[in-house]
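I opened my notebook for this one and kept the entries short. Here is what I looked up, in the order I went through it.

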Amino acid sequence: MRRLSIIGAGGHAKVMVAMAVAAGIEHIELYDDGAVTDVLGYLVQGGIAALPDIPDTQAVIAIGGNAIRRRIAQQFAHVTWVSLVHPHSWIAPDVVLGAGSVVMAGSIIQPGARLGQHVIVNTAASVDHDCRLADFVHVAPGTRLAGGVHLDEGVFTGAGSVHLPGSHTGAWSIVGAGGVVQGDLPANTTAVGVPARVIKERSPGWHLS
């Protein structure tokens with residue numbers, strides 16, 4: 001891949017541009033609806049809607065918010081979503097990495113893991129054997145997923161959180177930074193602490209608003 005379109009121009013995009021450069025991508029274009037005009041010297045070409053919706057467009061979404069990433073992905077029917085992997089990460093040969101997913105520097109993904117589309121494995125996170133991460137999950141920096149962990153669609157794991165073997169976090173839930181998930185957490189909740197306990201519940205579909 002020699003050309004990459006990046007959606008977003010915030011801090012997450014800055015990391016993604018650096019990743020793309022490290023991966024040897026020669027031509028980088030950005031699209032964002034804000035006032036930023038460039039990221040690390042690479043120009044913002046226009047608003048998100050200006051991204052050409054054609055198969056020749058190879059793109060990735062550089063926005064950390066899971067619900068926002070989902071909405072943007074649904075706007076484009078024909079874009080080719082590509083996975084971006086930092087050369088200083090390690091991924092086992094049998095890992096399945098869905099379209100549009102990102103693996104950042106220092107991350108490790110062990111054998112048998114399956115990641116859906118538009119998943120973020122952030123800096124220095126680890127995903128151990130046989131984990132299952134659904135679409136639009138964000139594994140924040142320093143997160144540790146032990147073997148066989150399941151994260152349903154749209155889960156966000158706070159920085160430095162730990163998910164013990166076989167634990168399961170339901171769709172669109174949030175685990176606070178440093179939390180330790182021991183068993184199952186229901187969907188549409190926020191959980192914090194050691195062990196992680198639910199402190200907030202949301203209505204199903206809250207992420208669609």
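**Entry 1: a hairpin and its neighbour**

I started with the hairpin that strand 25 and strand 26 form, with four residues between them. In its turn I found Gly 193 with a positive phi of about 100°. I am working from a predicted model here, so every entry should be read that way. The two arms, strand 25 and strand 26 (residues 197-201), run antiparallel and are joined by four bridges. To fix the register I noted that Val 192 stands opposite Arg 197 in strand 26.

Then I looked for another partner of strand 25 (residues 189-192), and strand 22 (residues 174-175) turned up, running parallel to strand 25 with two bridges between them. Here I wrote down Val 175, which stands opposite Ala 191 of strand 25.

**Entry 2: the nonpolar cores**

Next I asked myself which residues touch the most other members of the largest nonpolar core. They are Leu 4, Ile 6, Met 16, Ile 28, Leu 30 and Leu 84, out of 20 residues in that core. I traced where the members come from: strand 1 (3-7), helix 1 (11-22) and strand 2 (27-31) each supply at least two. Helix 1 gives the largest share, five residues.

I picked Leu 4 for a closer look. Leaving aside residues up to four places away in sequence, Leu 4 touches Ala 20, Ile 25, His 27, Ile 28, Glu 29, Gln 58, Ala 59, Val 60, Val 82 and Leu 84. I also noted a second, separate core of 18 residues, with Ala 92, Val 103, Ile 109 and Leu 145 among them.

**Entry 3: helix 2**

Which residues of helix 2 (residues 66-75) are buried? I listed Asn 66, Ala 67, Arg 69, Arg 70, Ile 72 and Ala 73. I was glad to see that two arginines, Arg 69 and Arg 70, are on that buried list. A reminder to myself: residues three or four places apart in an α-helix point the same way, because there are 3.6 residues a turn.

Then I checked what covers these buried residues, and the cover includes strand 1, strand 5 (58-61), strand 6 (80-81), strand 13 (120-121), strand 16 (138-139) and strand 19 (156-157).

**Entry 4: salt bridges**

How many salt bridges does the structure hold? I counted two. In one of them Glu 26 pairs with Arg 2, and the closest N and O atoms are 2.8 Å apart. This pair links distant parts of the chain, 24 residues apart: Glu 26 lies in the loop between helix 1 and strand 2, and Arg 2 in the segment before strand 1. Glu 26 counts as partly exposed because its relative accessibility is 45%, while Arg 2, at 55%, counts as exposed.

The other entry on my list is Glu 29 with Arg 3, whose side chains meet at 3.3 Å, N to O. Glu 29 sits in strand 2 and Arg 3 in strand 1, 26 residues apart. I looked up their accessibility as well: Glu 29 is partly exposed at 21%, and Arg 3 is partly exposed at 43%.

**Entry 5: Ser 126**

Is Ser 126 buried or exposed? Its relative accessibility is 19%, so Ser 126 counts as buried, the cut-off being under 20%. I placed Ser 126 in strand 14 (residues 126-127). Beyond residues up to four places away in sequence, Ser 126 touches Ile 108, Thr 143, Arg 144 and Leu 145. I had met Leu 145 before, as a member of the second core.

Note on methods
Residues numbered from 1 in each chain as written. Predicted model: local features only at pLDDT ≥ 70, side-chain atom pairs only at ≥ 80, totals over all residues. Heavy atoms only, no water. Pairing = 2+ DSSP bridges. Core = buried A, V, L, I, M, F, W, Y, C linked by side-chain atoms within 4.5 Å. Buried < 20%, exposed > 50% of the residue type's maximum accessible area, 1.4 Å probe, protein only. Contact = heavy atoms within 4.5 Å. Salt bridge = Lys/Arg side-chain N within 4 Å of Asp/Glu carboxyl O.
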